[in-house]
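The following note is offered to a colleague who has the coordinates open. It takes up one strand, the sheet around that strand, and the helices packed nearby.

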Amino acid sequence: MTHVIDRRLNGKNKSAVNRERFLRRYRKHIKKAVAEAVQKRSITNIEQGENISIPSRDLKEPIFHHGRGGKREMVHPGNKEFIAGDRLPKPPSGSGGGTGDGQASDQGEGMDEFVFQITQDEFLEFLFDDLALPNLARKKLKDTETFKYVRAGYSTQGTPAKLNVVRSLRGAYGRRLSLGGSRRRKIRELEAQLAELQAAPDVPDPAFSKKDQIQALEEEIAALKSRVKRIPWIDEIDLRYNQHLKQPQPATSAVMFCLMDVSGSMSQMHKDIAKRFFILLYLFLKKNYQRIDVVFIRHHTSAKEVDEEEFFYSRETGGTIVSSALKLMQQIIEARYSPAEWNIYAAQASDGDNWNDDSPVCGKILSEQILPLVQYYSYVEITPQDHQMLWYEYEKLQQAHPESFAMQQIADAADIYPVFRQLFERKAA
């Protein structure tokens, strides 16, 4: 009997079910470890996997057993030093904390921890667990796809309903031309010889008379014409069928505007926090929505639409006029993203420092021109200090539009992830 042993690691992903069950069981520990990890990471490695530690006391299965107390008789194994009936003194309080061969503990209790690695996908899964773009009930997002069949050329196989008559006849005509061309040319040459022979005077030839020559030519011409007629008018190899492919079509569309303040008042610490916030947002969109447009806008005194590379790594700076970014956003919406067809979202990050008299302008633009068009607008103010005028203007908007406008403060890097979760936490329908 032949035995086949599968020595592949995780062959056919057989342990996936057990791993998913394990991750579900210790979801609380993993989410806590992921939240702590993302706060310590730099911008470039924020989406990598992570080592998760679970205290061994939390790995024990709950069991029913006899509790302490009461009168019990127990028999323990003896050794050379003790015999049955000896009373063993308890260790003094605070001693003997270790459980293995490692270094002694200075505490009364010690516990080994179970450490395992979660993958990049699992890390992102827990990172963005229970998060979603708000107000999904209004419109379906672009990840909800429909399909339509599009023409994709021709096939030699198919159903009669997809037969392309014109294409099939064109192929049949070409085949007949290629197969009968030389014979028709030969027929034309023989017919010319026949006509020339018939027009020529009769010369007596006892070996091969004119009549016999004409008869031979006519028989040869008839044989060739018969062979030409035997070429099938249409053959199975001539048939062509229309081929269609199933092409996904987005049901509706969604776009996220990312507005970042890069003015001179934004220190490097402020900009790093803003970038980490937008990287979290970008990873969240990429993880949960396969196709969604992201528009990056940087602004100081003037605003500019940039690509992803320039948005995160450009060092351009200047004064501060926040309304320039809002005006540019409104222009882009009018030019490319009709609210009737697109779900529009926006996230703005700033330190709140704005040019004199510009904050009321920002409030007016948002209230009258942008908020009626968007599903959700989120604002994070990055400052460990007191709020400035822009914050108080936005507070009026939050009170007037509690469903579509949200704002939070980030004092340091540790606040990024909790604030991000508050802004994009999945709300009950």
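**Notes on the predicted model**

1. Strand E6 is largely enclosed by the rest of the structure, because five of its seven residues are buried. The model under review is a predicted one. For the protein chain as a whole, 35% of the 429 residues count as buried. The cut-off behind these statements is a relative accessible area under 20%.

2. The secondary structure of the protein chain amounts to eleven helices and ten strands. Of the contacts between residues at least 6 apart in sequence, 80% join residues at least 24 apart.

3. E6 belongs to an open sheet of six strands, whose order is E7-E6-E5-E8-E9-E10 and whose pairing is mixed. The edge positions are taken by E7 (303-306) and E10 (405-410); each has a single partner strand, so one side of each is left without a neighbour in the sheet. Averaged over the sheet and with direction ignored, neighbouring strands are turned by 20° against each other.

4. Which strands flank E6 in the order of the sheet? They are E7 and E5. Strand E5 (residues 253-261) runs parallel to E6 (residues 293-299), and seven bridges join the two. One bridge pairs aspartate 261 with histidine 299 of E6.

5. The pairing of E6 with E7 is antiparallel and extends over four bridges. These two strands form a hairpin, with three residues between them. Arginine 298 stands opposite lysine 304 of E7. As background, strands of a sheet pair through backbone hydrogen bonds, in either a parallel or an antiparallel sense.

6. Glutamate 316 deserves a separate entry. This residue is located in the loop between helix H7 (308-313) and H8. Is glutamate 316 buried, partly exposed or exposed? Its relative accessibility is 36%, so glutamate 316 counts as partly exposed. Once neighbours within four places in sequence are set aside, glutamate 316 is in contact with Val262, Arg298, His300, Lys304 and Glu310. Among these partners are Arg298 and Lys304, the residues that stand opposite each other in the pairing with E7. The C-alpha atom of glutamate 316 is separated by 9.3 Å from that of histidine 299, and the two residues are 17 apart along the chain.

7. Two helices can be placed against the sheet. H8 lies across E5, E6, E7, strand E8 (342-350) and strand E9 (376-382), and runs at about 150° to E6. H10 lies across E8, E9 and E10, and its direction is at about 145° to E10.

8. Helix H8 (residues 323-336) also packs with H9, at an angle of about 20° and with the axes 9 Å apart. H8 and H9 are therefore roughly parallel to each other, the relevant limit being an angle under 35 degrees. H8 passes H9 in a left-handed crossing. On the side of H8 the contact involves Ser323, Leu326, Lys327, Met329 and Gln330, which meet Asp358, Val361, Cys362, Ile365, Leu366, Gln369 and Ile370 of H9. Sorted by class, the residues of this contact are seven nonpolar, three polar and two charged.

9. H9 (residues 358-370) packs with helix H10 (residues 389-400) as well, at about 25° and with an axis separation of 9 Å. This angle makes H9 roughly parallel to H10. The crossing of H9 past H10 is right-handed, whereas that of H8 past H9 is left-handed. From H9 the contact draws on Ser359, Pro360, Cys362, Gly363, Leu366 and Ser367, and from H10 on Met389, Leu390, Glu393, Tyr394 and Leu397. By class, the contact of H9 with H10 has seven nonpolar, three polar and one charged residue. Cys362 and Leu366 of H9 take part in the contact with H10 and in the contact with H8.

10. A further helix pair is found earlier in the chain. The axes of helix H2 (residues 27-40) and helix H3 (residues 120-127) come within 9 Å and cross at roughly 95°. That angle makes H2 roughly perpendicular to H3. The residues in contact are Arg27, Ile30, Lys31, Val34, Ala37 and Val38 of H2 together with Phe123, Phe126 and Leu127 of H3. This contact of H2 with H3 comprises seven nonpolar, no polar and two charged residues.

Definitions and conventions: Residues numbered from 1 in each chain as written. Predicted model: local features only at pLDDT ≥ 70, side-chain atom pairs only at ≥ 80, totals over all residues. Heavy atoms only, no water. Axes fitted to C-alpha atoms, helices over the stretch in contact; angles between N-to-C directions. Parallel < 35°, antiparallel > 145°, perpendicular 65-115°, else oblique. Left-handed = near helix turned anticlockwise from the far one by under 90°. Contact = heavy atoms within 4.5 Å. Nonpolar A, V, L, I, M, F, W, Y, C, P; charged D, E, K, R; others polar. Pairing = 2+ DSSP bridges. Buried < 20%, exposed > 50% of the residue type's maximum accessible area, 1.4 Å probe, protein only.
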